[in-house]
Amino acid sequence: MIYLDSAATTPVRREAIEAMWPYLTGEFGNPSSHHRIGEAAAAALLDARRAVASWLGSRASEVVFTSGGTESDNLAIKGLALGAPRGRHLVTSPIEHEAVLESVDYLRRFHGFEVTMAEVGHEGVVTPEALRRVIRPDTTLVTLAYANNEVGTVQPIAELAAVAHESGALVHTDAVQAAGWLDLSVRELGVDALSLSGHKLGAPKGVGVLYVRGRLALEPLLHGGGQERGARSGTENVAGAVALAAAARLAEAERADVAARVTALRDDFIDAVLAAVPRALLTGARHERLPNSASFCFPGTSGESVLLDLEERGIVSSSGSACAAGSDEPSHVLVALGYAPEVAQTAVRFTLASTTTPADLAATLQSLTQIFSSRE
């Protein structure tokens with residue numbers, strides 16, 4: 001099998017499994033318990049928190065462990081907006097992940113917030129000028145993804161954060177897709193909150209991270225025993241946190257070399273697809289995109305049928321966000337970028353892994369060529 005759907009999930013790294021195994025077996029204690037086995041779990045959790053903080057360039061006290069990217073987005077957006085509602089105005093974009101769009105819509109419906117969408121161009125970029133046009137003196141929070149999960153476009157987050165801070169607004173970025181591929185230094189990015197998910201970089205599903213700067217007021221989603229310094233009550237997933245820290249450590253150590261190699265593969269693959277399939281349209285930015293992302297529309301065909309034909313040939317890819325799989329609706333991201341709904345429904349997304357080889361992409365290109373030649 002050739003797996004080209006890494007934006008959906010990645011296999012758990014052996015090192016992550018080995019790191020977490022003790023906390024699923026002999027060291028199974030509750031980190032809130034005041035006895036040896038509980039204190040061992042608490043020490044492991046603290047080590048994991050420090051490792052993640054080192055990765056992000058933050059303080060350990062600024063790291064909150066969650067169940068994944070969706071919870072991290074919800075906690076950041078609802079928590080910051082309700083924790084210190086300076087005005088009741090939110091800014092986001094129409095191409096965000098559903099976890100972001102549904103969170104801001106919840107605040108609109110139940111808490112009276114006004115939501116403004118920043119304009120995105122055809123490539124999905126929010127420019128500093130576009131943000132300036134919609135931000136206001138009463139804007140509470142700006143939430144924009146570091147990299148789009150469907151088309152791979154990377155936003156100029158540091159510049160956008162600087163614009164938002166000029167007006168006093170807080171900034172959250174969903175960095176779920178960026179993890180393992182881009183620099184996540186929160187100081188360089190200038191953000192106040194950043195969301196991550198473990199299973200995108202070789203940790204198990206069910207664990208994530210929210211970075212929240214300093215002592216910002218954060219209204220929790222989950223109330224109870226006050227774990228995670230009151231930000232997220234509930235017995236912590238110690239094994240998951242340890243695995244995430246191990247996977248993050250490895251991904252960051254490899255990132256520069258892997259990103260450079262995969263970027264070259266991606267560029268060659270994009271050029272080859274556009275040359276071999278005349279109807280193909282590249283979606284997203286040509287260069288300011290994730291190193292592993294190549295996404296296309298194939299007007300005049302069915303994206304789902306292309307996926308099925310590829311899978312019959314042993315190649316796994318997707319039509320876009322795994323969170324929207326099974327929906328008959330066209331991608332809200334592609335529609336926001338100006339694609340007609342019938343064209344948006346022809347989307348196919350290839351997201352490479354660190355282990356993807358030139359031979360994998362050559363086989364994929366050959367299969368695509370055969371699929372479209374048979375339909376001419």
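**Exercise 1.** Against which elements do the buried residues of H9 pack? Describe in addition how the buried and exposed residues of helix H9 (residues 303-312) are arranged in this predicted model.

*Solution.*

Step 1. The buried residues of H9 pack against strand S11 (315-316), strand S12 (347-351) and H12.

Step 2. Gly 303, Val 306, Leu 307 and Leu 310 are the residues of H9 to be identified as buried.

Step 3. Viewed down the axis of H9, these buried residues fall within an arc of 100 degrees, and therefore they line one face of the helix. The general rule is that an α-helix has 3.6 residues a turn, so residues three or four places apart point the same way.

Step 4. Leu 308 and Glu 312 are exposed and lie on the face of H9 turned away from its buried side.

Step 5. After H9 comes Gly 314, with a positive phi near 85 degrees.

**Exercise 2.** Determine how helix H8 (residues 238-276) and helix H12 (residues 358-373) are oriented to each other, and characterise their contact.

*Solution.*

Step 1. Two packed helices are described by the angle between their axes and the distance between the axes. The axes of H8 and H12 come within 10 Å and cross at roughly 15 degrees.

Step 2. Angles under 35 degrees count as roughly parallel; H8 and H12 are therefore roughly parallel to each other.

Step 3. The crossing in which H8 passes H12 is right-handed.

Step 4. From H8, the residues Leu 265, Phe 269, Ala 272, Val 273 and Ala 276 take part; they meet Pro 358, Leu 361, Thr 364, Leu 365, Leu 368 and Thr 369 in H12.

Step 5. Sorted by character, the residues of this contact comprise nine nonpolar, two polar and no charged.

How values were computed. Residues are numbered from 1 along each chain as its sequence is written. This is a predicted model: local features need pLDDT of at least 70, side-chain atom pairs count only at pLDDT 80 or more; totals for chains, interfaces and linings use all residues. Side-chain values use heavy atoms; hydrogens and water are left out. Axes are lines fitted to C-alpha atoms, for helices over the stretch in contact, and angles run from 0 to 180 degrees between N-to-C directions. Helices (H or I, at least four residues) and strands (E, at least two) are DSSP runs, numbered from the N terminus. Angles under 35 degrees count as roughly parallel, over 145 as roughly antiparallel, 65 to 115 as roughly perpendicular and the rest as oblique. A crossing is left-handed if the near helix is turned anticlockwise from the far one by less than a right angle, and right-handed if clockwise. Contact means heavy atoms within 4.5 Å. Ala, Val, Leu, Ile, Met, Phe, Trp, Tyr, Cys and Pro count as nonpolar, Asp, Glu, Lys and Arg as charged, and the others, Gly among them, as polar. Buried means under 20% relative accessible area, exposed over 50%, partly exposed in between (1.4 Å probe, protein chains only). The arc is that of the directions from the helix axis to the C-beta atoms.
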